[in-house]
Number of protein chains: 2
Amino acid sequence: MLKLHDLSLSGNCYKVRLFLALLGIECEFIAVDFMAGQHKTPEYLALNPRGEIPILQDEDFTLCDSQAILVYLASKYASEAWLPQDAVGLGQVMQWLSTAANEIARGPNDARLAKKFGYKLDLATAQKKAHHILPIVDQHLSQQNWLTLGRPTIADIACFPYIALAPEGEVMLEEYGAINQWIDRIKQLPNFVGMPGIDAA
Amino acid sequence: MLKLHDLSLSGNCYKVRLFLALLGIECEFIAVDFMAGQHKTPEYLALNPRGEIPILQDEDFTLCDSQAILVYLASKYASEAWLPQDAVGLGQVMQWLSTAANEIARGPNDARLAKKFGYKLDLATAQKKAHHILPIVDQHLSQQNWLTLGRPTIADIACFPYIALAPEGEVMLEEYGAINQWIDRIKQLPNFVGMPGIDAA
């Protein structure tokens, strides 16, 4: 069975939990004692020298990084609906995975880390970056239901958690109507699961 | 013909230029006047609302983000040697693309932006992050010639520029023997091209 080294409050871990749930794939979730620094112990550094979670184990294959895990799971266990193999489709999904890793990570994600968890990050800068990328995403979603390809893909799964959790970094979403509709649309996907801060519909 | 909206000093643009050179693909390079903010003009925001470069145009298809462009070019124009389609290989390459977008971007890349270009980023923090990820990469490369799959892939192309440019952020590489050998190995690839700060071998 798949094993995920996991933290309930992590939006990156939640990306993986959500996608597994949507695919109906069983997985053993192993809670990492993040506060005690368990992810920095020799045992965990052997799994991921970067000292980060989530970490997926699929038999003897180990993979780190939420975006890479989404790509792996889609490629191995899902249909091409979630991650196409053609260059144009793959490139478009990849562009949004990068938006999750760059603009969304440095915006709403960093704001939440600073506000909710006391990370030494500049809250105002992160909030400003959040309000730079969110109107771009909102404008984009005002013209289509999903981030790319006209259907839910791992692009949506990668970008959803830290956008939906933005209010925890005092980045309010009221003004972003198309984003709110997209959040509701994701919550309507069969087998959707929430996390602390993201209620199921 | 392909068109790349490009900046000679950008390591992200260079990733694309280098990969195109290695593949022997012709491309029209369109220099963006970055200092004048040309990438933030309405014309450019129509191509990429995020206001970033590089931007690739392949006939009527437009794609942003250096990592996404590498994936697209590999998928459309290269053999699977550069980007495999199987889940394990794809996941492993993707993990290193994420390392480029996360640890390398926040480490040596941010240090260079602060030191060389005066970006308002904390130089000491970026240098510290650089010296967190570089020993991990060095240890990894002490056991293998390439980042993954035992051959050059777009993982190497994505991680190479900002590691090789690290000294421009006063992140010195002398102590990282395996990284230096890997840099030399990349420079030996047929059709390798450099950029300001990265000499051809």
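This note goes through a predicted model with chains A and B, point by point, from the interior to the contact between the chains.

1. The interior is a good place to begin. The largest nonpolar core has 124 residues, and those with the most contacts inside it are A:Ile154, A:Phe160 and A:Trp182, together with B:Ile154, B:Phe160 and B:Trp182. A second, separate core of seven residues is also present, and its members include A:Val32, A:Ile53, A:Ile55 and A:Cys64.

2. One of the residues named for the largest core, B:Ile154, can be followed through its neighbours. Leaving aside residues up to four places away in sequence, B:Ile154 touches B:Phe19, B:Leu70, B:Val71, B:Ala74, B:Trp82, B:Leu83, B:Val93 and B:Leu97.

3. Helix α3 of chain A, residues 66-77, deserves a check of its length and its surroundings. At 1.5 Å a residue its 12 residues should span 16 Å, and the C-alpha atoms at its ends are indeed 16 Å apart, so the expected and the modelled spans agree. The helix α3(A) is mostly covered, with nine of its 12 residues buried; the buried ones are A:Ser66, A:Gln67, A:Ala68, A:Ile69, A:Leu70, A:Val71, A:Tyr72, A:Leu73 and A:Ala74. At the start of α3(A), a side-chain oxygen of A:Asp65 comes to within 3.1 Å of the backbone nitrogen of A:Gln67.

4. Side chains of opposite charge can pair when their charged atoms come close. Over all chains, the structure holds 12 salt bridges. In one of them the side chains of A:Asp6 and A:Arg17 meet, at 2.7 Å from N to O. Because A:Asp6 lies in strand β1 (residues 2-6) of chain A and A:Arg17 in helix α1 (residues 11-23) of chain A, this pair ties together parts that are 11 residues apart in sequence. Buried means under 20% relative accessible area, so A:Asp6, at 8%, counts as buried, and A:Arg17, with a relative accessible area of 14%, is buried as well.

5. Chain B has a salt bridge between the side chains of B:Arg17 and B:Asp6, at 2.7 Å from N to O. Here B:Arg17 lies in helix α1 (residues 11-23) of chain B and B:Asp6 in strand β1 (residues 2-6) of chain B, so the pair joins parts that are 11 residues apart in sequence. B:Arg17 counts as buried at 14% relative accessibility, and B:Asp6 is buried with a relative accessible area of 8%.

6. A further salt bridge in chain A brings together the side chains of A:Lys116 and A:Glu168, at 3.7 Å from N to O. The pair links distant parts of the chain, 52 residues apart, with A:Lys116 in helix α4 (residues 87-117) of chain A and A:Glu168 in the loop between α6 (154-164) and α7 (177-187) of chain A. A:Lys116 is partly exposed, with a relative accessible area of 40%, and A:Glu168, at 22% relative accessibility, also counts as partly exposed. Together with A:Arg112, these residues A:Lys116 and A:Glu168 are linked in a network of salt bridges.

7. The loop between α2 (42-47) and β3 (55-58) of chain B holds B:Pro54, a residue that is buried, with a relative accessible area of 2%. Residues up to four places away in sequence aside, B:Pro54 touches B:Leu4, B:His5, B:Asn12, B:Cys13, B:Val16, B:Leu63, B:Cys64, B:Asp65, B:Ser66 and B:Ile69. The C-alpha atoms of B:Pro54 and B:Ala105, which are 51 residues apart along the chain, are separated by 15 Å.

8. The last point concerns the interface. The contact takes 34 residues from chain A and 34 residues from chain B, and the two chains bury about 2,800 Å² between them, 61% of it on carbon and sulfur atoms. On the side of chain A, the residues A:Arg50, A:Met94 and A:Gln95 lose the most area to chain B, together 24% of what that side buries. Across the interface of chain A and chain B the rule finds zero salt bridges, whereas it finds eight residue pairs in polar contact. The elements giving two or more residues to the side of chain A that touches chain B are β4 (61-64), α3, α4 and α5 (123-141) of chain A, and the largest share of that side, 15 residues, comes from α4(A).

Methods
Residues are numbered from 1 along each chain as its sequence is written. Chains are lettered from A and ligands numbered from 1 in the order in which they are written. This is a predicted model: local features need pLDDT of at least 70, side-chain atom pairs count only at pLDDT 80 or more; totals for chains, interfaces and linings use all residues. Side-chain values use heavy atoms; hydrogens and water are left out. A nonpolar core is a set of buried Ala, Val, Leu, Ile, Met, Phe, Trp, Tyr and Cys residues joined through side-chain atoms within 4.5 Å. Buried means under 20% relative accessible area, exposed over 50%, partly exposed in between (1.4 Å probe, protein chains only). Contact means heavy atoms within 4.5 Å. Helices (H or I, at least four residues) and strands (E, at least two) are DSSP runs, numbered from the N terminus. The expected span of a helix is 1.5 Å times one less than its number of residues. A polar contact is a pair of N or O atoms within 3.5 Å; within protein, one must be able to donate a hydrogen and the other to accept it, and residues adjacent in sequence count only if both atoms are side-chain atoms. A salt bridge is a side-chain nitrogen of Lys or Arg within 4 Å of a carboxyl oxygen of Asp or Glu. Buried area is the accessible area (1.4 Å probe) that two parts lose on being put together, summed over both.
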